[in-house]
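Student: I have a new structure to look at, and I would like to understand the words people use for it. Could we go through them together?

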Amino acid sequence: PLIYMRMGECYLYMNEYNSAKENLETAWRIDSTISSELPLLYGMALHRTGYIDEALYFYNKFRESLSFLTKKTHEVNVYITQAYIAKILMNNPVPVEILNLGEIVNSSYDDYRPVVNASGDTLYFTSRRPSPRTQDIDPLDFKYFEDIYVCYGNSGGFTECRPIPGFINTPEHDAILSISPDGYEMFIYRNVMGETKGGDIYISEFKNDKWKSPKRLPPPVNSDYFETSASLSPDGSTLYFVSDRTGGYGESDIWISTIEKNKYSEPINPGPPLNSQFDEIFVLALPTNKHIIISSNNSYSMGGYDLFISEKTDEGWTLPVNLGYPINTPADEKTISFTKDLKKAFISYIKGDGLGGWDIYAMNLSKYDILTHSLQKLNMVYLKGVVKDETGKSIRGATLSLFDTQDNPLGFTIS
């Protein structure tokens with residue numbers, strides 16, 4: 001049973017949740033006492049595959065085994081909260097239609113990070129499939145290095161996909177992050193041995209019907225840390241990006257740099273509630289020039305990474321609101337891209353109807369206005385205040401955990 005448990009744990013962290021569930025279920029059936037970790041791992045696998053009530057049973061079983069002090073602070077409290085959110089959102093689905101783009105776009109390899117142009121007739125994405133330029137395997141995950149592909153289409157859908165022409169793809173990792181609102185600049189992620197100290201943001205210009213060789217954005221945008229997402233505001237004055245540099249509130253955070261005369265200002269971290277003590281990994285500026293989409297595994301997600309919307313107001317950024325189910329699921333939703341009218345979106349999932357690994361899906365949003373109808377049915381109380389230590393000094397990054405009178409997690413953990 002221990003072998004089944006470890007196999008299930010490996011599958012869990014490889015995002016192969018169905019295989020994880022099968023192995024952990026076998027381990028539990030053979031010997032449920034083999035390890036104190038087993039209920040937690042099995043609960044995580046059940047959670048990610050949509051068996052929410054069963055997941056809650058095993059989460060609570062694991063939590064009951066913890067000491068009084070550990071019970072208050074263990075990450076299982078977050079998982080329990082996320083499972084309850086999943087249950088609520090799955091019972092209140094939003095009116096969207098989601099369709100796999102099929103073998104014209106997708107392959108048996110991982111295809112993800114879709115980025116659509118404003119009119120919706122050109123789709124860029126990142127793929128781990130082999131190509132004439134990319135035949136090498138990344139020794140870290142034993143998959144082909146990333147390349148950027150482009151698809152052209154019409155009202156009937158996309159009819160042609162191929163590696164992006166020009167000087168974009170290299171034998172190493174090349175992943176698309178976003179394109180500028182006018183479609184003439186592309187932001188790219190690269191991690192180049194001897195050139196980048198972490199993964200960095202590059203930019204390419206479209207000239208003479210082809211994409212030019214990307215140039216690395218200068219400091220202070222890029223740093224010695226990883227910069228893994230970037231999006232330009234519609235008016236071109238602001239760059240939103242993700243970095244795990246020091247000075248943040250969690251693992252990776254959203255950072256903001258203004259642009260004046262092609263120079264980037266020192267980035268600022270907008271802090272909570274946009275950033276959390278968790279991991280914000282994606283940011284997308286919407287055409288309204290005041291809304292952004294982020295991906296985070298914060299306490300308000302259904303499990304793993306979910307997509308949220310936040311609005312900039314005179315008081316700052318609003319508490320990110322979950323886009324709802326089935327846009328989000330108990331698994332991971334890491335990026336999304338919209339046409340300019342916000343009536344259509346493209347997203348990547350790992351689903352049973354896929355061709356293999358991550359696939360790209362089209363989403364019809366004609367009956368769902370994400371700006372005004374983002375699911376607000378979840379009852380939330382936003383607490384604002386200052387946490388101080390015994391000397392009266394405020395504590396940065398403090399968390400507030402809510403419990404009921406029986407010591408069970410209640411509500412959210414708020415940063």
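## Reading the terms

Tutor: Gladly! Let's start with two helices: α1 and α3 pack with their axes 10 Å apart, at an angle of about 40 degrees. Keep in mind that this is a predicted model.

Student: Why are α1 and α3 called oblique to each other?

Tutor: Set the angle against the cut-offs. Under 35 degrees counts as roughly parallel, and 65 to 115 as roughly perpendicular. The angle here is about 40 degrees, and α1 and α3 are therefore oblique. Their crossing is left-handed.

Student: Which residues of α1 and α3 meet?

Tutor: M5, E9, L12 and Y13 in α1 meet L38, L41, M44 and A45 in α3.

Student: What makes α3 largely enclosed by the rest of the structure?

Tutor: Buried means under 20% relative accessible area. In α3, which spans residues 38–48, 10 of the 11 residues are buried, so the helix is largely enclosed. The buried residues include L38, P39, Y42 and H47.

Student: Which helices do the buried residues of α3 pack against?

Tutor: They pack against α1 (2–13), α2 (17–30), α4 (52–64) and α6 (76–90). Following α3 comes G50, whose phi is positive, near 90 degrees.

Student: How do you know that α4 is roughly antiparallel to α6?

Tutor: The axes of α4 and α6 cross at roughly 160 degrees and come within 10 Å. Angles over 145 count as roughly antiparallel. That makes α4 roughly antiparallel to α6. Among the residues making the contact are L56, Y59 and F62 of α4, and I80, A83 and Y84 of α6. In this case too, α4 passes α6 in a left-handed crossing.

Student: I see Y59 there. Which residues have the most contacts inside the largest nonpolar core?

Tutor: Y59 and I292, in a core of 42 residues. Leaving aside neighbours within four places in sequence, I292 is in contact with Y240, L274, V283, L284, A285, F308, I309, S310 and W317. Apart from this core lies another, of 24 residues, among them I281, L323, Y361 and I370.

Student: Now the strands. What does pairing in a sheet rest on?

Tutor: Strands of a sheet pair through backbone hydrogen bonds, either parallel or antiparallel. One open sheet here has 4 strands in the order β2-β3-β6-β7, and the pairing is antiparallel.

Student: Why are β2 and β7 said to stand at the edges?

Tutor: Each has a single partner strand, so one side of each is left without a neighbour in the sheet. Neighbouring strands of this sheet are turned by 25 degrees against each other on average, direction ignored.

Student: How do you know that β3 and β6 count as a pair?

Tutor: At least two bridges are needed for a pair. β3 (residues 122–127) and β6 (residues 147–154) are joined by 6 bridges, so the cut-off of at least two is met. S127 stands opposite D147 in β6. The bridges between β6 and β7 (residues 157–163) also number 6, and V150 stands opposite R162 in β7. β2 and β3 pair over 4 bridges, with Y112 opposite T126 in β3.

Student: What is the strand order in the sheet that holds β1?

Tutor: The order is β1-β24-β23-β22, in an open sheet of 4 strands with antiparallel pairing. What makes β1 (97–100) and β22 (336–338) edge strands is that each pairs on one side only. β22 is joined to β23 (residues 344–349) by 3 bridges, and I336 stands opposite I347 in β23.

Student: One last residue: why is Y109 called partly exposed?

Tutor: Partly exposed lies between the cut-offs of under 20% for buried and over 50% for exposed. Y109 has a relative accessible area of 34%, so it is partly exposed. Y109 lies in the loop between β1 and β2.

Student: Which residues does Y109 touch?

Tutor: Not counting residues up to four places away in sequence, Y109 touches R128, R129, P130, Y144, G356, W358 and D359. For P234, the C-alpha to C-alpha separation from Y109 is 33 Å, and the two are 125 residues apart in sequence.

Methods
Residues are numbered from 1 along each chain as its sequence is written. This is a predicted model: local features need pLDDT of at least 70, side-chain atom pairs count only at pLDDT 80 or more; totals for chains, interfaces and linings use all residues. Side-chain values use heavy atoms; hydrogens and water are left out. Buried means under 20% relative accessible area, exposed over 50%, partly exposed in between (1.4 Å probe, protein chains only). Contact means heavy atoms within 4.5 Å. A nonpolar core is a set of buried Ala, Val, Leu, Ile, Met, Phe, Trp, Tyr and Cys residues joined through side-chain atoms within 4.5 Å. Axes are lines fitted to C-alpha atoms, for helices over the stretch in contact, and angles run from 0 to 180 degrees between N-to-C directions. A crossing is left-handed if the near helix is turned anticlockwise from the far one by less than a right angle, and right-handed if clockwise.
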